[in-house]
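Grab a pencil and have the model open beside you. Here are some short exercises, each with a solution worked out in steps.

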Amino acid sequence: MSNNVYGIDLGTNNFKVYSKATGKTMLEKNTIAVIDKNQIYAYGDRAYAMYEKAPETINVIFPVVEGVIADYNLLQTMIFDFLEHKTKARIKNAEFIIAVPTDITDVEKRAFYELFYKSKSKPKKVMLCEKPIADAVGLGIDVNEPTGVMIVDMGADTTETSVISLGGLVLSDLLHFGGNRLDESIISYVRKEFNLVIGQKTAKLLKETIGSALPGREDSMVVVGRDVVSGLPIEMEIGSKVVYEAMQTNLESICTSIKMILEKTPPELAKDIIHSGIYITGGGSQLAGLDQLFEQITGIKVICSECPEESAVRGLVQIVSDSKYKRLPFSIKK
């Protein structure tokens, strides 16, 4: 098999590209700054730096929303420009394998397939793979075994809870919210409690710096926002307790989803999950105390991924490289 293989995970906040030839993963913000309705002004990290700061003439968009493609043409242009110029990839006759969420329609899956298959690069082969299975392989789990494995993938716009056995999905539940919803809940809570308007980036920083999935953390952080009453920018100190209370309801929804999947899991697979534990991955899983929260509500040990944002994309290349996984990816026939 050639080395000209790329595993691609198109997330809402970041897209990840793993090159088999170099063995490296490149991560870039999945953001595009647009001028004149359809002209790309900047993309990736540069475009994300403009988010919430750009004038009206520049529109900053996220081309993937809730796990599905929202702007096909701009996303295709960005991905292939990134591959050609930033990664110096040899995309002519390359093989692509793309991670896709499970609970999306066939039409939405076809859009992921055609994004690469109908590109100017004329790829040799395009395959799709369900993201929870790619996650499991990337975490070093042999998914072909007749053993139940539970994966919770918490992304920016989606949280997917899945039970895998014998290379297939036994159960799966896709929640249409993730890390971004937690940020929004912090924005609305701070506005309601303190009459302070903060931006999405500030809320994300609060969550990552002093946020926790469990009560009791005693850190604080000074943020700048706009006072609703005076309309002027002011500084204010926000504590961990405030951030926890803002996120609490949404975290409970994720816990409910996990419990619901466990209740539906066949007894023999449930026995395997108790022995092997619950694996959590995805960028959102880096929230402090999230593993302890899941342990408390399920009574099952929780294993955190070392590189949660990269587990799916690493698994993809392993799937196409190792013959024992050859039946896991699939193509979309005409």
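**Exercise 1: the open sheet**

Work out the strand order of the open five-stranded sheet.

Solution. Start by reading across: the order is β13-β12-β11-β17-β18, and the pairing is mixed. Next, look at the edges: β13 (168–175) and β18 (302–304) each have a single partner strand, so one side of each has no neighbour in the sheet. Then check the twist, which averages 20 degrees from one strand to the next (axes are lines fitted to C-alpha atoms, and angles run from 0 to 180 degrees between N-to-C directions). Strands here are DSSP runs of E, at least two residues, numbered from the N terminus, and two of them pair if DSSP finds at least two bridges between them.

A note on the model: it is predicted, so local features need pLDDT of at least 70 and side-chain atom pairs 80 or more, while totals for chains, interfaces and linings use all residues. Residues are numbered from 1 along each chain as its sequence is written, and side-chain values use heavy atoms, leaving out hydrogens and water.

**Exercise 2: one strand pair**

In which sense do β11 and β17 pair?

Solution. Take residues 149–154 (β11) and 278–281 (β17): they run parallel, over four bridges. Now find Asp 153; across from it in β17 sits Thr 281.

**Exercise 3: the cysteines**

How many disulfides does a search of the whole structure find?

Solution. Zero, with a disulfide taken as a pair of cysteine sulfur atoms within 2.5 Å. For Cys 129, the nearest cysteine sulfur belongs to Cys 307, 19 Å away. For Cys 255, the nearest is that of Cys 304, at 14 Å. Finally, check exposure: Cys 129 is buried at 1% relative accessible area, and Cys 255 is buried at 6% (buried means under 20%, with a 1.4 Å probe and protein chains only).

Notes: Buried means under 20% relative accessible area, exposed over 50%, partly exposed in between (1.4 Å probe, protein chains only).
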